[in-house]
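I opened this notebook to keep track of what I looked up, entry by entry. The notes follow the order in which I went through the model.

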Amino acid sequence: MFWFLLITMVVVVAAVTLAVVGGGDSEVLPEVAPEQLVDPLPEARPVDRADVEALRLPVAVRGYRMADVDDVLVRLGAELAERDSRIAELEEALAGAPAGDGEDDRS
């Protein structure tokens, strides 16, 4: 009786294992297509605050999809660098402009 129960238990465990793992070439669960960024940052114009607030990055199994996060960070970094450069140009032009605060220089 003991051997019969032991062999039955081994057969049941093997059947469950094959059912869970998928014994053969067929997949038990098909691969799920990864979520894609639905509404990326606009390409035709500079990014504004509303674009960043509306941005929702897709979530993967272990967090956010690194490729989408990297793309967004690269784009935002480029936009910020461009704006910083423009601000520096304008400040330089303002520093070089003659000071005209409305007072006449009479000596």
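**Entry 1: salt bridges**

I searched the whole structure for salt bridges and found eight. The model is a predicted one, and I read every value below with that in mind.

I looked up Glu-43 and Arg-75. Their side chains meet in a salt bridge, at 3.7 Å from N to O. Glu-43 lies in the loop between α1 and α2, while Arg-75 lies in helix α3 (residues 66-96), so the pair ties together parts that are 32 residues apart in sequence. I then checked how covered each partner is. Glu-43 counts as exposed, at 70% relative accessibility. Arg-75 counts as buried, at 16% relative accessibility, because the cut-off for buried is under 20%.

I also noted that this pair does not stand alone: Glu-43, Arg-75, Glu-79 and Arg-83 are linked in a network of salt bridges.

**Entry 2: two further salt bridges**

I looked up Asp-48 and found a salt bridge with Arg-45, with the closest N and O atoms 4.0 Å apart. Asp-48 is partly exposed, its relative accessible area being 37%. Arg-45 counts as partly exposed as well, at 37% relative accessibility.

Next I took Arg-86 and Glu-89, whose side chains meet in a salt bridge at 3.5 Å, N to O. Both are in helix α3, three residues apart, and this puts about one helical turn between Arg-86 and Glu-89. I wrote down the general rule beside it: an α-helix has 3.6 residues a turn, so residues three or four places apart point the same way. Arg-86 is partly exposed at 46% relative accessibility, and Glu-89 is partly exposed at 45%.

**Entry 3: Arg-75 and helix α3**

Which residues does Arg-75 touch, leaving aside its neighbours within four places in sequence? I listed Leu-41, Pro-42, Glu-43, Arg-45 and Val-47. Arg-75 itself has its place in helix α3.

I then asked which residues of α3 are buried. They are Asp-68, Val-72, Arg-75 and Glu-79. Arg-75 and Glu-79 from this list also belong to the salt-bridge network noted above.

I checked the length of α3 too. With 31 residues at 1.5 Å each, α3 should span 45 Å; the C-alpha atoms at its ends are 44 Å apart, which agrees.

**Entry 4: helix α1**

I repeated the length check on helix α1 (residues 2-21). Its 20 residues should span 28 Å at 1.5 Å a residue, and the end C-alpha atoms are 28 Å apart, so expectation and model agree.

How many of the 20 residues of α1 are buried? The count is zero, and I noted α1 as hardly covered.

I looked for aromatic pairs and the count came to one. It is formed by Phe-2 and Trp-3, edge-to-face, with 5.7 Å from centre to centre and 70° between the planes. Phe-2 is exposed, and Trp-3 is exposed too.

**Entry 5: helix α2**

I looked up Glu-53, which lies in helix α2 (residues 49-54). The side chain of Glu-53 makes a polar contact with the side chain of Arg-49, at 2.8 Å. Is Glu-53 buried or partly exposed? Glu-53 is partly exposed, with a relative accessible area of 46%.

**Entry 6: the whole protein**

I left the overall description for the end. The secondary structure comes to three helices and two strands. Along the sequence the pattern reads α-α-β-β-α.

I noted the share of buried residues: 12% of the 107 residues of the protein. The protein exposes about 9800 Å², and carbon and sulfur atoms supply 63% of that area.

Last, I looked at how far apart in sequence the contacting residues are. Among contacts between residues at least 6 apart in sequence, 48% join residues at least 24 apart. The salt bridge of Glu-43 and Arg-75 ties together parts that are 32 residues apart in sequence.

How values were computed. Residues are numbered from 1 along each chain as its sequence is written. This is a predicted model: local features need pLDDT of at least 70, side-chain atom pairs count only at pLDDT 80 or more; totals for chains, interfaces and linings use all residues. Side-chain values use heavy atoms; hydrogens and water are left out. Helices (H or I, at least four residues) and strands (E, at least two) are DSSP runs, numbered from the N terminus. The expected span of a helix is 1.5 Å times one less than its number of residues. Buried means under 20% relative accessible area, exposed over 50%, partly exposed in between (1.4 Å probe, protein chains only). A polar contact is a pair of N or O atoms within 3.5 Å; within protein, one must be able to donate a hydrogen and the other to accept it, and residues adjacent in sequence count only if both atoms are side-chain atoms. Contact means heavy atoms within 4.5 Å. Accessible areas come from the Shrake-Rupley method with a 1.4 Å probe; for residues, only the protein chains shown count as cover. Rings of Phe, Tyr and Trp (its six-membered ring) pair if their centres lie within 6.5 Å; planes under 30 degrees apart count as stacked, over 60 as edge-to-face and the rest as tilted.
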